[in-house]
Amino acid sequence: LRLFANVRECLDQYQYCFVFSVENMRNTYLKDVRTEFSDSRSVSFLRIKRMVLTGNHRVFFGKTKVMAKALGTSPEDEYQSSTHLLSKFLVGNVGLFFTNREPSAITEYFSNFSKTDFARAGTEATREFVVPAGVVYSMGGEIAAEDDLPMAHSLEPELRKLNMPTSLMKGKITLENTYTVCKEGDVLDSRQTRLLKLFGVATADFTIQLLA
């Protein structure tokens, strides 16, 4: 009931309402959004299904059925003229963004907003990552060997636990054959995401897309 009432309150108080979706949710990167839109007072970004407040904008995540109910799902039960048209977009990991800023400024900001982070288990690999045979370097062959450093020998037991067929030779981690951590399109498991993180390979893009 509180979410329902708050959405309706915002429909009265704010000039514009956007439906947005989030890819690869990261609370950390919402701090950049907070900085951009903290026009009048500090903002506290909370976990999904909770509210985010600021003086000149307000954001709601989660509980899409409640938000849709507040907007109205048909011309007969919509709260304000045409608000029911937004309801069909409230599916999945989406939210409502209320603001008094001009739409052109909002769309420009979010069209350029993207952060890269390490992938999480259950997400799809956006690229292939293969560690070359021989000495294992910190970046796993992502850069030239002369610009890299051999991976710390203390990590060799962990690599083996993660099913990489490594061994120690003269104090350096080595691979007899190339090792494919993942292929593009793979649904990553926790073992693969841990290996990607150990090699510093960040493949997940955190983005916020305006849907309506």
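Let's start in the middle of things: the largest nonpolar core of this structure has 21 residues, and those with the most contacts inside it are Phe129, Val131, Leu159, Met164, Leu195 and Phe199. Strand 6 (129-131), strand 9, strand 10 (179-182) and helix 7 are the elements that give two or more residues to this core. Apart from it lies another core, with 17 residues, among them Leu3, Val7, Met67 and Leu90. Keep in mind that you are looking at a predicted model.

Now step back for the overall picture. The protein chain has seven helices and 11 strands. It runs to 212 residues, and 40% of them count as buried. If you take the contacts in the chain with a separation of 6 or more, residues 24 or more positions apart account for 70% of them. As for the outside, the accessible surface comes to about 11,800 Å², and carbon and sulfur atoms make up 49% of that.

Back to the core of 21 residues, with phenylalanine 129 as our guide. Which residues does phenylalanine 129 touch, once its neighbours within four places in sequence are left aside? The list takes in Met139, Gly140 and Glu142, then the run Tyr179, Thr180, Val181 and Cys182, and finally Leu196, Phe199 and Val201.

Helix 7 deserves a walk from end to end. At its N-terminal end sits aspartate 189, which caps the helix: one of its side-chain oxygens lies 3.2 Å from the backbone nitrogen of arginine 191. Further in, the buried residues of helix 7 are Gln192, Thr193, Leu195, Leu196 and Leu198. What covers them? The cover includes strand 6, helix 6 (156-161) and strand 10. Just after the helix comes glycine 200, with a positive phi of about 70°.

Pause at threonine 193, which lies in helix 7 (residues 190-198). Is threonine 193 buried or exposed? With a relative accessible area of 11%, it falls under the 20% cut-off, so threonine 193 is buried. Not counting residues up to four places away in sequence, threonine 193 touches Ala119, Arg120, Ala121 and Leu188.

Next, follow the chain back to a hairpin. Strand 8 (residues 166-169) and strand 9 (residues 172-175) run antiparallel and are joined by four bridges. One of the pairings to look for is leucine 168, whose bridge partner in strand 9 is isoleucine 173. Two residues sit between the strands of this hairpin. One of the residues in the turn is lysine 170, which has a positive phi of about 55° although it is not a glycine. Lysine 170 is exposed, with a relative accessible area of 88%.

Another residue with a backbone like that is serine 82. It isn't a glycine either, yet serine 82 has a positive phi of about 75°. You'll find serine 82 in the loop between helix 3 (64-71) and helix 4 (84-87). Is this serine buried, exposed or partly exposed? At 38% relative accessibility, serine 82 counts as partly exposed, because that value lies between the 20% and 50% cut-offs.

A short way along the chain, helix 4 holds another serine, serine 87. Serine 87 is buried, with a relative accessible area of 10%. What lies 2.6 Å from a polar atom of its side chain? That's the backbone oxygen of glycine 72. Leaving out residues up to four places away in sequence, serine 87 touches Ala68, Leu71, Gly72 and Thr73.

Our last stop is phenylalanine 98, in strand 4 (residues 94-99). Phenylalanine 98 has a relative accessible area of 1% and is buried. How far is phenylalanine 98 from cysteine 17 in sequence and in space? The two are 81 residues apart in sequence, while their C-alpha atoms are 4.5 Å apart in space. Leaving aside neighbours within four places in sequence, phenylalanine 98 is in contact with Val7, Cys10, Leu11, Tyr14, Tyr16 and Cys17, and also with Asn56, His57, Arg58 and Phe60. Val7 may ring a bell: it is among the residues of the core of 17.

Definitions and conventions: Residues are numbered from 1 along each chain as its sequence is written. This is a predicted model: local features need pLDDT of at least 70, side-chain atom pairs count only at pLDDT 80 or more; totals for chains, interfaces and linings use all residues. Side-chain values use heavy atoms; hydrogens and water are left out. Two strands pair if DSSP finds at least two bridges between them. Buried means under 20% relative accessible area, exposed over 50%, partly exposed in between (1.4 Å probe, protein chains only). Contact means heavy atoms within 4.5 Å. A nonpolar core is a set of buried Ala, Val, Leu, Ile, Met, Phe, Trp, Tyr and Cys residues joined through side-chain atoms within 4.5 Å. Accessible areas come from the Shrake-Rupley method with a 1.4 Å probe; for residues, only the protein chains shown count as cover. A polar contact is a pair of N or O atoms within 3.5 Å; within protein, one must be able to donate a hydrogen and the other to accept it, and residues adjacent in sequence count only if both atoms are side-chain atoms.
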